[in-house]
Amino acid sequence: MRKSINKIFRHLNNAYDNAILLVCIVCMLIGGYSMLDNYNIYHQVEAQQKVGYHPTVTEKEITFEDAPLATAWLYVPDTNMNYPIMQGEDNLEYINKDYNGKYSLAGSIFLDFKNKKDFSDSYNILYGHHMDKGYMFGALDKYEDKEYFDKHKTGYILSKEHIYKIEFTKYDTTEATDETIFSLDTKNQARGYTEEDKLIALTTCKTPNTLYRCVLLGKMQEISKEQYKKEAEKQ
């Protein structure tokens, strides 16, 4: 009887050890997959930066050969912000989809689905993931530093019809429920600007799993293709 009980205990112990081993193996596989997945995400964004994608501006048209599905282009000199701008049927479509329409955890920079594609609205919102190394809208963190802000006040939006020069005017942290930032119906006066101002907001999560958002506000002014070319050549 005692031998039988001991045998049962040995089997139970072996089963317990095997279960622990199995759990450890599964954890290692999950950890390895997560590391590989993170590497692929950053490698994809880094590769895009190194290739140096950019729109083509001629006297007749503005085209996006590198990202034919793009609505427009964002370019902020001397930063990593040089990305095609996408626009989906809602604000979830490009959270995990790249500029080629393929699945990507890095997602894309995208225009609020309620905005007009040509940026003719008086207020426009761009969204992007907060990523390390200043990729996507992780670059917004640097604008907390006044010296950096003062040296990087200029950006450009290129739609297929227009080119806008951005003068960044304000960096702030706010909650995702802030209607002065995240509602397109709010009047510019409530944001501290005039009715005539054309505005843009670049926004991302402050940190993962938080309601707080980084917001970089700027004024937009349409410029000619010739002026853009001259200024871009100096960058």
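This tour moves through a predicted model, taking in its nonpolar cores, its largest pocket and its aromatic pairs.

**The largest nonpolar core**

Begin by selecting Leu74, Phe119, Leu126, Ile157 and Leu202, which, among the 30 residues of the largest nonpolar core, touch the most other members. Then colour the elements that each supply at least two residues of this core, namely β3 (72-75), β4 (82-86), β5 (109-111), α2 (146-151), β8 (163-175), β9 (199-205) and β10 (212-223). Of the contributors, β8 gives the most, with four residues.

With the core still displayed, centre the view on Phe119 and ask which residues it is in contact with, once its neighbours within four places in sequence are left aside. The selection to make is Ala72, Ile85, Leu111, Asn124, Leu126, Ile157, Ser159, Tyr164, Lys198, Ile200 and Met220.

Apart from this core lies another, of 26 residues, and a selection of Tyr123, Ile163, Ile181 and Leu199 will show you some of its members.

**The largest pocket**

Next, turn to the largest pocket, which holds about 400 Å³ of space. To find its centre, select Asn91, Phe110, Tyr127, Phe182 and Thr203, the nearest to that point of the 20 residues that line the pocket. Strand β9, already coloured as a contributor to the largest core, also provides the largest share of this lining, with three residues. If you colour the lining by residue class, you should see nine nonpolar, seven polar and four charged residues.

**Aromatic pairs**

Two of the residues just selected, Phe110 and Tyr127, also form an aromatic pair, and the model has seven such pairs by count. Why is the pair of Phe110 and Tyr127 stacked? The ring centres are 5.3 Å apart and the planes lie at 25 degrees, under the 30 degrees that serves as the limit for stacking, so the pair is classed as stacked. In sequence the partners are 17 residues apart, with Phe110 in strand β5 and Tyr127 in strand β6 (residues 123-127), so that the pair links distant parts of the chain. Phe110 is buried, at a relative accessible area of 6%, and Tyr127 also counts as buried, at 16%.

For another geometry, select Tyr143 and Tyr148, whose rings are 5.3 Å apart from centre to centre with 90 degrees between the planes, an edge-to-face arrangement. Tyr143 is buried, with a relative accessible area of 2%, and Tyr148 is buried as well, at 16%.

Finish by adding Phe149 and Phe168 to that selection, for together with Tyr143 and Tyr148 they form one aromatic cluster.

Technical notes
Residues are numbered from 1 along each chain as its sequence is written. This is a predicted model: local features need pLDDT of at least 70, side-chain atom pairs count only at pLDDT 80 or more; totals for chains, interfaces and linings use all residues. Side-chain values use heavy atoms; hydrogens and water are left out. A nonpolar core is a set of buried Ala, Val, Leu, Ile, Met, Phe, Trp, Tyr and Cys residues joined through side-chain atoms within 4.5 Å. Buried means under 20% relative accessible area, exposed over 50%, partly exposed in between (1.4 Å probe, protein chains only). Contact means heavy atoms within 4.5 Å. On a 1 Å grid over the protein atoms alone, a cavity is a set of points where a 1.4 Å probe fits but cannot get out, and a pocket is an open set with protein on both sides within 12 Å along at least five of seven lines; lining residues have an atom within 4 Å of a point. Grid points are joined across faces, edges and corners, and a volume is the space filled by probe spheres set on the points. Ala, Val, Leu, Ile, Met, Phe, Trp, Tyr, Cys and Pro count as nonpolar, Asp, Glu, Lys and Arg as charged, and the others, Gly among them, as polar. Rings of Phe, Tyr and Trp (its six-membered ring) pair if their centres lie within 6.5 Å; planes under 30 degrees apart count as stacked, over 60 as edge-to-face and the rest as tilted.
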